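Here is a short set of exercises. Work through each task with the structure open, then check the solution.

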Amino acid sequence: MLNYLITVTEDLLIAVTLLVLIAELGRKVYTANSGRFTWIGIGAGVAASAAMALAKNLTSKVATNRWNLWIFLFTTVLSLLFVIFSCVCKQGSKGLLPLTAGAALIALLLFYELPDVMAYPFLFDTGKAGRFSVAFLVRFLGWLAALLLLFIYALYLRKCIRASVGTGLLRLVTNLAVLVNAARCMGQVMRPWVSRAKWLPDFLPKYSKADYPWAFPIVKFVANSTLQFSMLVAGLALLIPISLFFYNMKIHGTYENPAQLRRLKAIAKRCRRAAVTVSVCFVLFLLTMTVVKAYANRTIELSSPEEYTVEGDEIHVPISEVEDGHLHRFEYKTENNIAVRWIVVKKPGSAAYGVGLDACDVCGDAGYYERGDQVVCKRCDVVMNIQTIGFKGGCNPIPLSYTVKDGQMIFALQDIIDGEKEFK
């Protein structure tokens with residue numbers, strides 16, 4: 001869930017921000033039907049993205065690196081043209097040049113980012129569980145949550161821009177944000193050149209660290225700065241809600257009676273709420289790409305295997321060692337040098353035990369770990385219902401038979417050996 005929440009946010013934040021800024025700049029500055037240009041750009045970008053998503057996942061004929069090179073190159077050129085045109089064309093003019101460049105830029109932004117986002121629900125790694133499973137639902141909710149948050153962000157950023165006074169700040173913010181993205185794209189254009197991709201045209205000069213010492217640091221910075229570029233573009237856009245918030249701390253406009261005053265106060269309050277909503281979304285994006293990402297990518301070490309005794313064709317574990325309610329892990333090395341792990345945990349408020357292999361049909365041999373009083377799958381972060389451990393299904397540990405005799409939990413050695421297929 002968290003992985004797709006992070007990935008979709010990282011993929012779309014810049015594109016969504018620039019889409020809103022470019023579309024609203026056209027609407028507020030130029031007299032032509034700017035909405036038509038915006039929708040043409042969105043429609044072309046979505047249609048091309050859907051076609052690319054199908055081509056990528058149903059055929060092997062799409063050379064992604066080559067496509068991306070041209071997308072980045074055209075995006076860089078169009079970004080520069082858009083900034084030039086938006087500075088040259090005066091407010092109130094038809095603005096055909098900046099509107100056309102803006103629509104093409106929107107289409108390219110979507111064409112680069114959307115294909116993978118569209119394809120994610122069809123590519124969720126759910127193991128043997130399939131699409132009608134908890135594993136699929138968890139991943140889908142992460143994907144959907146990111147899209148919903150981005151939609152709220154775009155909606156209220158649009159409201160802030162439309163409620164703001166004047167166009168100077170909007171023009172400045174939009175052009176700077178477009179230039180920041182152009183710099184990111186230019187770094188990506190240089191990437192295959194620095195890596196000496198064999199498919200690059202022969203007429204390009206060969207990269208040499210001695211001849212072009214400045215190139216590699218640029219490419220390295222761009223490749224490792226997803227957070228910085230996303231937050232810089234979104235941070236520039238945030239200047240508009242911030243200015244709107246402080247502008248509406250006071251009542252502006254004349255009024256002749258209390259009813260008109262209440263109306264002005266209500267408008268100011270709505271503007272402040274819209275500004276706060278965008279700010280909250282910005283903070284959530286920042287937390288998602290920093291704190292949540294660090295949490296999702298943390299390294300979790302499974303606890304060390306505990307001791308047991310082997311008596312003939314049986315494995316014996318003292319009940320006294322596993323009755324504290326915590327997760328206990330055991331391991332047996334087979335003749336094929338495969339470590340078969342299994343876990344034991346006493347069920348809360350019961351004399352029964354949850355016993356199973358330290359693997360499941362959904363997430364394989366990733367294993368389970370203890371977080372507080374919870375048992376959690378290491379791979380998908382799903383919290384197990386301890387009462388159902390020992391039963392087949394979902395992300396539950398694969399059941400393992402045992403008996404209890406003379407204070408010992410007894411496992412058939414052959415059952416453990418048969419479990420090695422889950423750990424290959």
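The exercises below go from model confidence to one sheet, then to single residues and aromatic rings.

**Exercise 1. Confidence**

Task: Find which elements of the chain have the lowest and the highest mean pLDDT.

Solution:
- Start with the origin: this is a predicted model.
- Take the chain as a whole. Its pLDDT averages 87, and 97% of the residues score at least 70.
- Now go by element. Strand E8 (residues 383-384) has the lowest mean, 80. Helix H8 (residues 226-247) has the highest, 94.

**Exercise 2. Strand order**

Task: Work out the order of the strands in the open sheet of four strands, and say which strands stand at the edges.

Solution:
- Trace the order: E1-E2-E10-E9, with antiparallel pairing.
- Look at the ends. Strand E1 (309-311) and strand E9 (403-405) each have a single partner strand, so one side of each lacks a neighbour in the sheet.
- Add the twist. It averages 35° from one strand to the next.

**Exercise 3. Around strand E2**

Task: State how many bridges join E2 to E1, and how many join E2 to E10.

Solution:
- Begin with E1. It pairs with strand E2 (residues 314-318) over three bridges, in the antiparallel sense.
- Name the opposite residues. Thr 309 faces His 316 in E2, and Glu 311 stands opposite Glu 314 in E2.
- Check the turn. The hairpin of E1 and E2 has two residues between the strands, and Gly 312 takes a positive phi near 65° there.
- Move to the other partner. E2 and strand E10 (residues 408-412) pair antiparallel over five bridges. Ile 315 stands opposite Phe 411 in E10.

**Exercise 4. His 316**

Task: Decide whether His 316 is buried or exposed, and find the side chain it contacts.

Solution:
- Place the residue: His 316 lies in strand E2.
- Read its accessibility. The relative accessible area is 9%. The cut-off for buried is under 20%, so His 316 is buried.
- Find the contact. The side chain of His 316 makes a polar contact with the side chain of Glu 314, at 3.0 Å.

**Exercise 5. Aromatic rings**

Task: Classify the pair formed by Phe 221 and Phe 229, then compare the accessibility of the two residues.

Solution:
- Count first. The whole structure holds 16 aromatic pairs.
- Take the pair of Phe 221 and Phe 229. The centres are 5.9 Å apart, with 65° between the planes. Planes over 60 degrees apart count as edge-to-face, so this pair is edge-to-face.
- Compare exposure. Phe 221 is partly exposed, at 47% relative accessibility. Phe 229 is buried, at 9%.
- Look for a cluster. Tyr 308, Phe 330, Trp 342, Tyr 402 and Phe 411 form one. Phe 411 is also the residue opposite Ile 315.
- Finish with a charge. The charged end of Lys 159 sits over the ring of Tyr 156, 4.6 Å from its centre.

**Exercise 6. Ala 44**

Task: Locate Ala 44 and give the separation of its C-alpha atom from that of Ile 417.

Solution:
- Ala 44 is in helix H2 (residues 34-58).
- Its relative accessible area is 38%, so it is partly exposed.
- Ala 44 and Ile 417 are 373 residues apart along the chain, and their C-alpha atoms are separated by 57 Å.

Key: Residues numbered from 1 in each chain as written. Heavy atoms only, no water. Pairing = 2+ DSSP bridges. Axes fitted to C-alpha atoms, helices over the stretch in contact; angles between N-to-C directions. pLDDT = per-residue confidence, 0-100. Buried < 20%, exposed > 50% of the residue type's maximum accessible area, 1.4 Å probe, protein only. Phe/Tyr/Trp six-rings, centres within 6.5 Å; stacked < 30°, edge-to-face > 60°. Lys NZ or Arg CZ within 6 Å of the ring centre and 35° of its normal. Polar contact = N/O pair within 3.5 Å; in protein donor to acceptor, adjacent residues only side chain to side chain.
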